[in-house]
Amino acid sequence: EVFRIISKPWHQQELLSTVNQAAEASRLRRENERLTHEVQRQNGQLREINSRLEEMVKVRTQALLEGLIAALDYRDAETQWHSRRVSLYARRLAQQLGIPEPELQVIEHGALLHDIGKIGVRDRVLLKPGSLTSEEWVEMKRHPELGWALLQRVDYLRPASSIVLQHQEKWDGSGYPSGLKGPEIVIGARIFHVVDTLDAITSDRPYRKSRPLEDARTEIVRCSGTQFDPAVVDAFLAVPPEEWERIRLDVETVAVLSADLQENPHGPDELHAAIQAALRA
């Protein structure tokens, strides 16, 4: 390229100065190219490091979630798979309502950990086979607030804490702990309330057998506008019934694999891999 035009006859000093300037400009261009390449290389390394760190955070957060659910599961054998089912139900219903990430994950975490506050409820109350006394009900009704307080200590889970706090609130204001009404209740809690009823009706309980999905749909429609947000109920009804059944079947598959693993903890790696694949699905 042309650096500068010098007219004839040129002066010796001007020529030398111009050649020196051209050489310096060329050196600076090469140095700039080198530095640009180095910055791009380092940026690539930083992106790779950040990606690995994000993956580590996800893995450790998942381990934390598993630990919290396992801790509750030690106290109430029914809780673990119920929590997993409603978390996946809640995610699907939130998708039907058009809720995007990252709020989808927040809703899933809130549903998964909705009962974590029961860790703070005494065994003789939590596991009591008969009816609770009025004093025992007061203690049991504290579990949303206990769960909320627990999640305040975990930055990653704090966004889900409002769902845990409000998961017993009802659309008409008759719920607890705060008697919130209508849109005062966060959308994640409104979604949870519907899918929690779905799971309660379609799952076996010590005091009764499960009922068909159609019975759950009928009950949810009946309580629309009282217990449930009508818009959330409409979205629930728009999801094909076979999708709810598929989610339940997926969780039951994981439950069976997990039981096999507990019976044979030193079994083949294929069993561990199958559980992880099922959980990811």
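Good morning. I begin with P102, which is found in the loop between helix 2 and helix 3. Helices here are DSSP runs of H or I of at least four residues, and strands are runs of E of at least two, numbered from the N terminus. A cis peptide bond joins E101 to P102, with omega at about 0°. A second cis bond runs from K8 to P9, where omega is near -15°. P9 has its place in the segment before helix 1 (12–73). As background, most peptide bonds are trans.

Some words on the source. This is a predicted model, in which local features need pLDDT of at least 70 and side-chain atom pairs count only at pLDDT 80 or more, while totals for chains, interfaces and linings use all residues. Residues are numbered from 1 along each chain as its sequence is written, and side-chain values use heavy atoms, with hydrogens and water left out.

Now the overall picture. The chain has 12 helices and zero strands. Of its 281 residues, 37% count as buried; buried means under 20% relative accessible area, exposed means over 50%, and partly exposed lies in between, for a 1.4 Å probe and protein chains only. Among contacts with a separation of 6 or more, 56% come from residues 24 or more positions apart, a contact being heavy atoms within 4.5 Å.

Just after P102 in my account comes helix 3 (residues 103–112), which is mostly covered, with seven of its 10 residues buried. These are L104, I107, E108, H109, G110, A111 and L112.

The next residue to consider is H114, in the loop between helix 3 and helix 4 (123–126). Is H114 buried or exposed? H114 has a relative accessible area of 2%, and therefore counts as buried. Leaving aside residues up to four places away in sequence, H114 touches H82, S83, V86, H143, V164, H167 and F192. The C-alpha atoms of H114 and F192 are separated by 8.8 Å, although the two residues are 78 residues apart along the chain.

A further buried residue is S161, whose relative accessible area is 4%. S161 is found in helix 7 (residues 161–166). With residues up to four places away in sequence again not counted, S161 touches W148, L151 and Q152.

I turn to helix packing. Two packed helices are described by the angle between their axes and the distance between the axes. Axes are lines fitted to C-alpha atoms, for helices over the stretch in contact, and angles run from 0 to 180 degrees between N-to-C directions. Angles under 35 degrees count as roughly parallel, over 145 as roughly antiparallel, 65 to 115 as roughly perpendicular, and the rest as oblique.

Helix 9 (residues 213–222) and helix 10 (residues 230–238) pack at about 160°, with their axes 10 Å apart. The two helices are therefore roughly antiparallel to each other. Their contact is made by R217, I220 and V221 of helix 9 together with V233, F236 and L237 of helix 10. By class, that contact has five nonpolar, no polar and one charged residues. Here Ala, Val, Leu, Ile, Met, Phe, Trp, Tyr, Cys and Pro count as nonpolar, Asp, Glu, Lys and Arg as charged, and the others, Gly among them, as polar.

Helix 10 also meets helix 8 (residues 187–202): the axes come within 10 Å and cross at roughly 50°. Helix 8 and helix 10 are therefore oblique to each other. From helix 8 the contact takes I187, R190, I191, V194 and L198, and from helix 10 it takes V232, V233 and F236. By class, this contact has seven nonpolar, no polar and one charged residues.

F236 leads to the last topic, the aromatic rings. The structure holds two aromatic pairs. Rings of Phe, Tyr and Trp (its six-membered ring) pair if their centres lie within 6.5 Å; planes under 30 degrees apart count as stacked, over 60 as edge-to-face and the rest as tilted. How are Y89 and W244 arranged? Their ring centres are 5.5 Å apart and their planes stand at 80°, so the pair is edge-to-face. This pair links distant parts of the chain, with Y89 in helix 2 (residues 79–96) and W244 in helix 11 (residues 241–263), 155 residues apart. Y89 counts as buried, at 1% relative accessibility, and W244 also counts as buried at 1%. Finally, Y89, F236 and W244 form one aromatic cluster. Thank you.
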